[in-house]
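Me: I would like to learn how to read a few features of a protein model, one at a time. Please give the general idea, then the case at hand.

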Amino acid sequence: MQQGNGGSTLKDVKGILGQPESVSSTAVKGFKVKSYSWTKYDTTILVQFSHKKAITKTVSGFKWNRSSNKLSLKAFNSLKDGSSYSTVVNTYGEPDGLSENVVLGKKNVTAVYFTGIKAKNAGASASFSFTDDKLISKTQTNLK
């Protein structure tokens with residue numbers, strides 16, 4: 001992670017997203033990270049770089065129209081540890097929020113759903129954490 005191995009270059013990301021709206025820098029115990037943020041419509045994309053390579057990306061604010069399977073509490077409970085990220089996406093669609101990074105050679109993804117879910121009330125959500133494409137944990141709030 002500290003070397004950005006395997007991460008895209010800033011030039012590559014700018015080629016896809018254009019010029020960022022904001023840039024900030026931080027350093028913790030000598031580890032320097034530069035954060036770039038883009039907002040397209042209501043979606044925000046934050047990419048952090050170290051050693052001129054992307055080390056994390058976070059996408060938030062997606063609002064997908066989902067017409068097929070709704071994520072219910074029963075469906076949530078049926079997803080077992082070890083399920084793949086692609087299984088969840090193929091069944092319930094792309095998540096509304098996504099965070100991705102690589103730590104110690106392991107790819108970590110957190111997917112959050114706010115839309116296309118069966119909810120008891122406003123504020124319902126489901127979150128899934130994957131390591132190397134395998135579900136390792138999940139949480140839900142107010143699914144029905």
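Reply: Start with accessibility. A residue is buried under 20% relative accessible area, exposed over 50%, and partly exposed in between. Keep in mind that this is a predicted model.

Me: Is serine 137 buried, exposed or partly exposed?
Reply: Serine 137 has 34% relative accessibility, so it counts as partly exposed. This serine is located in strand β8.

Me: Which residues does serine 137 touch, leaving out those up to four places away in sequence?
Reply: Contact means heavy atoms within 4.5 Å. By that test serine 137 touches Asp81, Ser127, Phe128 and Ser129. As for valine 103, the C-alpha atoms of serine 137 and valine 103 are 17 Å apart in space, with their positions 34 residues apart in sequence.

Me: Strand β7 is next. How many residues of β7 are buried?
Reply: Seven of the seven are buried, so β7 is largely enclosed by the rest of the structure. Both faces are covered. One side carries Ser125, Ser127, Ser129 and Thr131, and the other carries Ala126, Phe128 and Phe130.

Me: How do β6 and β8 run relative to β7, parallel or antiparallel?
Reply: β6 and β7 run antiparallel and are joined by six bridges. β7 and β8 also run antiparallel, with seven bridges joining them. For single positions, phenylalanine 128 in β7 has alanine 111 opposite, and phenylalanine 130 has leucine 135 in β8 as its bridge partner.

Me: What does aspartate 132 do in the hairpin of β7 and β8?
Reply: The hairpin has two residues between its strands, and aspartate 132 takes a positive phi near 50° there. At 35% relative accessibility, aspartate 132 is partly exposed.

Me: Now charges. How many salt bridges does a search of the whole structure find?
Reply: The test is a side-chain nitrogen of Lys or Arg within 4 Å of a carboxyl oxygen of Asp or Glu. The search finds three. One of them joins lysine 106 and aspartate 132, at 3.7 Å from N to O. Lysine 106 belongs to strand β6 and aspartate 132 to the loop between β7 and β8, so this pair ties together parts that are 26 residues apart in sequence. Lysine 106 is partly exposed, at 42% relative accessibility.

Me: Which residues are linked in a network of salt bridges?
Reply: Lys57, Glu100 and Lys107 are linked in this way. The side chains of glutamate 100 and lysine 107 meet at 3.8 Å, N to O. Those of lysine 57 and glutamate 100 meet at 3.8 Å, N to O. Lysine 57 is in strand β4 and glutamate 100 in strand β5, so the pair ties together parts 43 residues apart in sequence. Both lysines of the network are partly exposed: lysine 57 has a relative accessible area of 34%, and lysine 107 has 40%.

Me: Turning to the nonpolar core, which residues of the largest one touch the most other members?
Reply: They are Leu71, Tyr113 and Phe128, in a core of 28 residues. The elements that give two or more residues to this core include α1, β2, β3 and β4. The largest share, four residues, comes from α3. Among the contacts of leucine 71 are Phe76, Tyr92, Tyr113 and Phe128.

Me: How many aromatic pairs does the structure hold?
Reply: There are five. Tyrosine 36 and phenylalanine 49 form an edge-to-face pair, 5.3 Å centre to centre with 90° between the planes. The pair links distant parts of the chain, as tyrosine 36 is in strand β2 and phenylalanine 49 in strand β3, 13 residues apart. Tyrosine 36 is buried at 8% relative accessible area, and phenylalanine 49 is buried at 5%. For tyrosine 113 and phenylalanine 128, the ring centres are 6.0 Å apart and the planes are at 80°, so this pair is edge-to-face. Tyrosine 113 lies in β6 and phenylalanine 128 in β7, so the pair ties together parts 15 residues apart in sequence. Tyrosine 113 and phenylalanine 128 are both buried.

Me: Which residues form one aromatic cluster?
Reply: Tyr36, Trp38 and Phe49 do.

Me: Where does the charged end of lysine 138 sit?
Reply: The charged end of lysine 138 is over the ring of phenylalanine 76, 4.8 Å from the ring centre.

Key:
Residues are numbered from 1 along each chain as its sequence is written. This is a predicted model: local features need pLDDT of at least 70, side-chain atom pairs count only at pLDDT 80 or more; totals for chains, interfaces and linings use all residues. Side-chain values use heavy atoms; hydrogens and water are left out. Buried means under 20% relative accessible area, exposed over 50%, partly exposed in between (1.4 Å probe, protein chains only). A nonpolar core is a set of buried Ala, Val, Leu, Ile, Met, Phe, Trp, Tyr and Cys residues joined through side-chain atoms within 4.5 Å. Rings of Phe, Tyr and Trp (its six-membered ring) pair if their centres lie within 6.5 Å; planes under 30 degrees apart count as stacked, over 60 as edge-to-face and the rest as tilted. A charge sits over a ring if NZ of Lys or CZ of Arg is within 6 Å of the ring centre and within 35 degrees of the ring normal. Two strands pair if DSSP finds at least two bridges between them.
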